[in-house]
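Thanks for making time, everyone. Have the structure open on your screens while I talk. I'll go through the empty spaces, then some helices, then the cysteines.

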Amino acid sequence: FDDIYETVQRAVLVAREELTPPHTYDVAWELITPEQFKEVASQWLSGPGRLDLAFDTESFGPHEQPRQKDDTWVMFEMSDGTTNIAVSALGTGWQSTLKELLRDENIHWWMHNMAYDLQVLMSNGFTIPPLSRCHDTMAYALGLTERMERTGLKAQARAHLNAPYYEQELKEPCALHGNRHSWKKAPPCDCIWQGLAKYGCFDAYNTWHLSRILPRLVER
């Protein structure tokens, strides 16, 4: 009943033009080099006024549950709603660019389950932005429902953005090598790297677009 009720609620809001109808789901994404990351960041930093960026991290570790101090950070993804990029966190050359973005007072950061991503940053030696510039779409989701299975990023993205079950791709073996993604080890081949980058960019894209929707629903 809850699922039907929430769907009817959204339909009414769309019909009243109080909520934008879910758009066709088409996400352009790219796994980029540190040099390309610097170019994208330069464009973001040169813009006037406030900029909202979504941020997500990918890690692997030996434990069943994430432990930021023990896990290895392998990738991060960012989105401004249109540009969706992934950067490997295993190499060098990207750290100073990310630090510059984190310091910029015009940038507001959006994350889903913000506590995890901020702990990843701190565990890897980064100074996090003031919490006044950090926002959590999962906290907004909790303002709409107490059903924990409905507050996850995938559930919220499916409900409000027409998102497909894009996480399914990570569960399938890659066509070239037969490798599978594992949350306990680094991606074993380029196919899995690309799959993880796509998955993370979709997460960042969804987080950014939910940041345009959920606060208004919570206010209402």
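**Spaces, helices and cysteines**

Two cavities of 30 Å³ or more sit in the structure. Keep in mind that this is a predicted model.

How do we look for such spaces? Rolling a probe the size of a water molecule over the atoms shows where empty space is left.

Take the largest cavity. The volume is about 40 Å³. Its lining includes Ser59, Phe60 and Val74. Also in that lining are His181, Ser182, Trp183, Lys185, Ala186, Pro187 and Leu196. By class, that makes six nonpolar, three polar and one charged residues.

Now the second largest cavity. Here the volume is about 30 Å³. Its walls are Phe55, Leu102, Trp109, Met111, Leu118, Leu121, Pro129 and Cys134. Two elements, β5 and α4, give two or more residues to this lining. What classes do the residues of this lining divide into? Eight are nonpolar, with no polar and no charged residues.

On to the pockets. The largest pocket holds about 720 Å³ of space. It is lined by 28 residues, and the closest to its centre are Thr57, Pro66, Tyr116, Trp183 and Tyr199. Trp183 we have already met, in the lining of the largest cavity. Which elements supply at least two residues each to the lining of the largest pocket? They are β2, α4, α6 and α8. Strand β2 has the largest share, with six residues. By class, the lining has 10 nonpolar, 10 polar and eight charged residues.

The second largest pocket has a volume of about 320 Å³. Thirteen residues line the pocket, and Glu6, Gln9, Leu144, His160 and Leu217 are the closest to its centre. Helices α1, residues 2–15, and α6 each supply at least two lining residues. The classes here are five nonpolar, four polar and four charged.

Stay with His160 for a moment. This residue is in helix α6, residues 153–161. Is His160 buried or exposed? At 9% relative accessibility, His160 is buried, because the cut-off for that word is under 20%. Leaving out residues up to four places away in sequence, His160 touches Arg10, Pro22, Leu210, Ile213, Leu214 and Leu217. Look at Leu210 in that list. His160 and Leu210 are 50 residues apart in sequence, but their C-alpha atoms are 7.5 Å apart in space.

Next, Thr207. You'll find this residue in helix α8, which covers residues 190–219. Thr207 is buried too, with a relative accessible area of 2%. Its contacts, again beyond four places in sequence, are Ala54, Trp110, Met111, His112, Thr137 and Leu153. Met111 also lines the second largest cavity.

Now helix α3, residues 95–103. Its buried residues are Thr97, Leu98, Leu101 and Leu102. Look down the axis of α3: these residues fall within an arc of 135°, so they line one face of the helix. What covers the buried residues of α3? The cover includes two helices, α2 (34–46) and α4 (114–123). It also includes the strands β2 (51–60), β3 (72–79) and β5 (107–111).

Turn to α4 itself. The buried residues there are Met114, Tyr116, Asp117, Leu118, Val120 and Leu121. They pack against β2, β3, α3, β5 and β6, which spans 134–136. Leu118 and Leu121 come up in the lining of the second largest cavity as well. Tyr116 is among the residues closest to the centre of the largest pocket. Just after α4 comes Gly125, with a positive phi of about 85°.

Last topic, the cysteines. How many disulfides does a search of the whole structure find? The count is zero. Cys189 is in no disulfide, and the nearest cysteine sulfur, in Cys174, is 3.8 Å away. A disulfide needs the two sulfur atoms within 2.5 Å, so this pair does not count. Cys189 is buried, at 9% relative accessibility.

Why is Cys201 without a bond? Its sulfur is 17 Å from the closest cysteine sulfur, that of Cys191, and that is too far. Cys201 is buried as well, with a relative accessibility of 0%.

Terms used
Residues numbered from 1 in each chain as written. Predicted model: local features only at pLDDT ≥ 70, side-chain atom pairs only at ≥ 80, totals over all residues. Heavy atoms only, no water. Buried < 20%, exposed > 50% of the residue type's maximum accessible area, 1.4 Å probe, protein only. Helix = DSSP H or I, 4+ residues; strand = E, 2+ residues; numbered from the N terminus. Arc of directions from axis to C-beta. Contact = heavy atoms within 4.5 Å. 1 Å grid on protein atoms, 1.4 Å probe; cavity = no way out; pocket = protein on both sides within 12 Å on 5 of 7 lines; lining within 4 Å. Points joined across faces, edges and corners; volume = space filled by probe spheres on them. Nonpolar A, V, L, I, M, F, W, Y, C, P; charged D, E, K, R; others polar.
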